[in-house]
Amino acid sequence: MLASIHKFRQNGWNLLLDINSGAVHVIDDMTYDIMDTFDGTNDDAVVAALAGRYDRAALREALAELHELIGEKTLFAPDIGVPPTFAGEGIVKSLCLMVAHDCNLRCGYCFAGTGDFGGRRGLMTKETGEAAVDFLLAHSGPRRHFEIDFFGGEPLVNFPVVQHVTRYVRQRERETGKSFKLTLTTNGLTLDETTQRFLDDNNISLVLSLDGRKEVHDRMRPDAGGRGTYDRVLPNFQRVVAARQGQNYYLRGTYTKYNPDFTNDVLAMHDAGFDVLSMEPVVAKDTPYALEEADLPRIYEEYDRLTAAYLERHRAGRGFFFFHFNMDLSNGPCVAKRLAGCGAGHEYFAVAADGGLYPCHQFVGREKYRLGSVFEGVTNRELPRYFRESHVLNKPRCRDCWARFFCSGGCHANAELFHGDIREPYEVGCAIQKKRLECALTVQAALAMEKEG
Amino acid sequence: MKHIKTVNKPTLQSTIKKGGCGECQASCQSACKTSCTVGNQVCEKQAD
C-alpha cells in the first residue's frame, strides 16, 4: 500500500492531508499524535500508546471522529491507479513558439543561454509560425481549447511575427470554430504603447519578468551592455497592467542563492502595484547562484515568512495572488490531468525558430530530444510515449510520495539536466515543491477556516 | 466535530472515471514556464 496520509505543522496549523481523496483536515495536537499510530483498525493500540499523555475518553472521542472520516472516504481513501481516460496517446494542445532565439537582455541564469539555446541566434519566420498553428490544428482531434505562448529569447525582438501569427490564429479560429488562448512572456524592455495596444486588442495574456527589488533584478537581469534594466522595465509593466485593469497577466520572478530573503522581493512586487505574482527557484548547477541542498533550511524558513506575509496582507484586506499558493481544494484537476502534469512531450511541445519540435521550451537545443518539425510532424514516435508514461505512478521516487497528485512528478527538463533521465526527479526541486505545497495547503485551510469563523 | 475540521469537499476520487477531457490549460504555460505544479490548475469543465 502506498503512503495515504501526510501530516505536517505549518505557521501554527496542524494539517492532515488524505492523499488519495485530496481531503484536507485541520486537527488538534492530540489527533496529530494519534496519527503517528492510527491505521484505521487499531484503536486500542492508539489508546495504549497515548494514555499517559492524554485523557482516555478524549482519545476515544477523536478516534470516533477519525472513523467518521473513514466512512466518508476522506481518510485512508483507496489507492488511485492510472485511469482509463489517461490511456492511449496524448493529443497536442499547447505550443511554445520560440519566435526569437535572441534576446536584448543577458540574464545570468537564462536556461536559453542568453537566448540562443546554445546554437545560432535566429528568428522564426512567418511561414514557420503559420505551419506551427496548422500543425496544432491538424493533430488536435476533438480538442477545442488550445494555447500558444510566444516565447524566446525575447519574443518582442521578433514582434512582426508575433503580430502575423496572432492574426493567423484568429483567422483559423473563425474557420475551425476552435479556441486559442495566447500568452506572451516578455522582459518588458521594448514593451511600448504600440506593442501594448496590439497585445490588449488581441487579448494576449502576459507573463512579465521582474525579480522583485531593484538591486536583485539588476544583478541578474542586465541588458547586452551590462546595465541594469529595472528602471526601464518597471514603468512599462505598470503602464501595461494598469491599461488591462490588473487582469490577464502574471508578474514572474526568479530567486537564486543571492536573494534568500525573496519574500522581500514578492512584497516589493506587490508594493510596486502588482497583485498577480509568481516567484520561482532558479534551476542551475555548478554556478555561484545555484540553489543546493545545503540551502534548503534557509529556503524553508523563507517560505514560512512568505506564508505569514501572504496571510497578513489578505487579512488586512490587501491580499495578492501568489501562483503557488492558488489552489482549489474542492474542485481541482482530475486524476488524468494530475498524471499528465505539464504535458511536455505529449500534449505540449516547443517549436524552435527553425520549426523543430521539442518536448518543451527547456529541451530546445538538446538535440537527442528533437521530435520532428512542424513541417514533417512528429517523426520520433517513441519519445512522446516515453514522456506520457513518465508520470508519478511510474516513477519509483514519486509513487510513494505524498505530493504525487499535486506536483506532477517534477520538471522533466530539470530531471534530465541533473540526472540525464526524465524519470529521476531533481531532489532540490522536489524538496522546495513539497515545502511550497505545505504552505499552499496551509494558506487555503487558514483562509477557509477564517472565512467560516 | 471537536478535534477535526475538514477544510474541503474533495472530488479527486470521482474524477478517476469521468475526468481526462484534456481541455484544460497546460500547467507550465499558465504562469511561469519553469513550474509544473498541477495541484493549482483549473478544470475547464468546471470553469464553464
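This passage describes selected local features of a predicted model.

The first of the features concerns strand β1 of chain A, which spans residues 5–10 and contains A:His6. With a relative accessibility of 14%, A:His6 falls under the 20% limit and therefore counts as buried. The side chain of this histidine, A:His6, makes a polar contact with the side chain of A:Glu438, at 2.7 Å. When neighbours within four places in sequence are set aside, the residues in contact with A:His6 are A:Leu15, A:Leu16, A:Leu17, A:Ile19, A:Trp402 and A:Glu438, so that A:Glu438 appears both in this list and as the polar partner of the A:His6 side chain.

Burial was also examined in helix α12 of chain A, which runs over residues 382–389 and in which A:Leu383, A:Pro384, A:Phe387 and A:Arg388 are buried. These residues lie on the same side of α12(A), because the arc that they cover around the axis is only 135°. The cover over the buried residues of α12(A) includes β15 (377–378) and α15 (412–419) of chain A.

Empty space inside the model was considered next. Rolling a probe the size of a water molecule over the atoms shows where such space is left. Across the whole structure, the search finds 3 cavities of 30 Å³ or more, and the largest cavity has a volume of about 100 Å³. This largest cavity is lined by 14 residues, of which A:Gly22, A:Asp328, A:Leu329, A:Gly332 and A:Arg338 are the closest to its centre. By character, the lining of the largest cavity comprises 6 nonpolar, 6 polar and 2 charged residues.

The backbone was examined last. Most residues other than glycine have a negative phi, and most peptide bonds are trans. In this model, however, the peptide bond that joins A:Gly152 and A:Gly153 is cis, with omega at about 20°, and A:Gly153 is placed in the loop between β6 (145–152) and α5 (159–176) of chain A. A positive phi, near 65°, is found at A:Lys73, a residue other than glycine, and A:Lys73 belongs to the loop between α3 (56–71) and β4 (94–101) of chain A. A:Ser408, which is not a glycine either, has a positive phi of about 65° and is located in the loop between α14 (404–407) and α15 of chain A. As to accessibility, A:Lys73 has a relative accessible area of 57% and is therefore exposed, whereas A:Ser408, at 5% relative accessibility, counts as buried.

Methods
Residues are numbered from 1 along each chain as its sequence is written. Chains are lettered from A and ligands numbered from 1 in the order in which they are written. This is a predicted model: local features need pLDDT of at least 70, side-chain atom pairs count only at pLDDT 80 or more; totals for chains, interfaces and linings use all residues. Side-chain values use heavy atoms; hydrogens and water are left out. Helices (H or I, at least four residues) and strands (E, at least two) are DSSP runs, numbered from the N terminus. Buried means under 20% relative accessible area, exposed over 50%, partly exposed in between (1.4 Å probe, protein chains only). A polar contact is a pair of N or O atoms within 3.5 Å; within protein, one must be able to donate a hydrogen and the other to accept it, and residues adjacent in sequence count only if both atoms are side-chain atoms. Contact means heavy atoms within 4.5 Å. The arc is that of the directions from the helix axis to the C-beta atoms. On a 1 Å grid over the protein atoms alone, a cavity is a set of points where a 1.4 Å probe fits but cannot get out, and a pocket is an open set with protein on both sides within 12 Å along at least five of seven lines; lining residues have an atom within 4 Å of a point. Grid points are joined across faces, edges and corners, and a volume is the space filled by probe spheres set on the points. Ala, Val, Leu, Ile, Met, Phe, Trp, Tyr, Cys and Pro count as nonpolar, Asp, Glu, Lys and Arg as charged, and the others, Gly among them, as polar.
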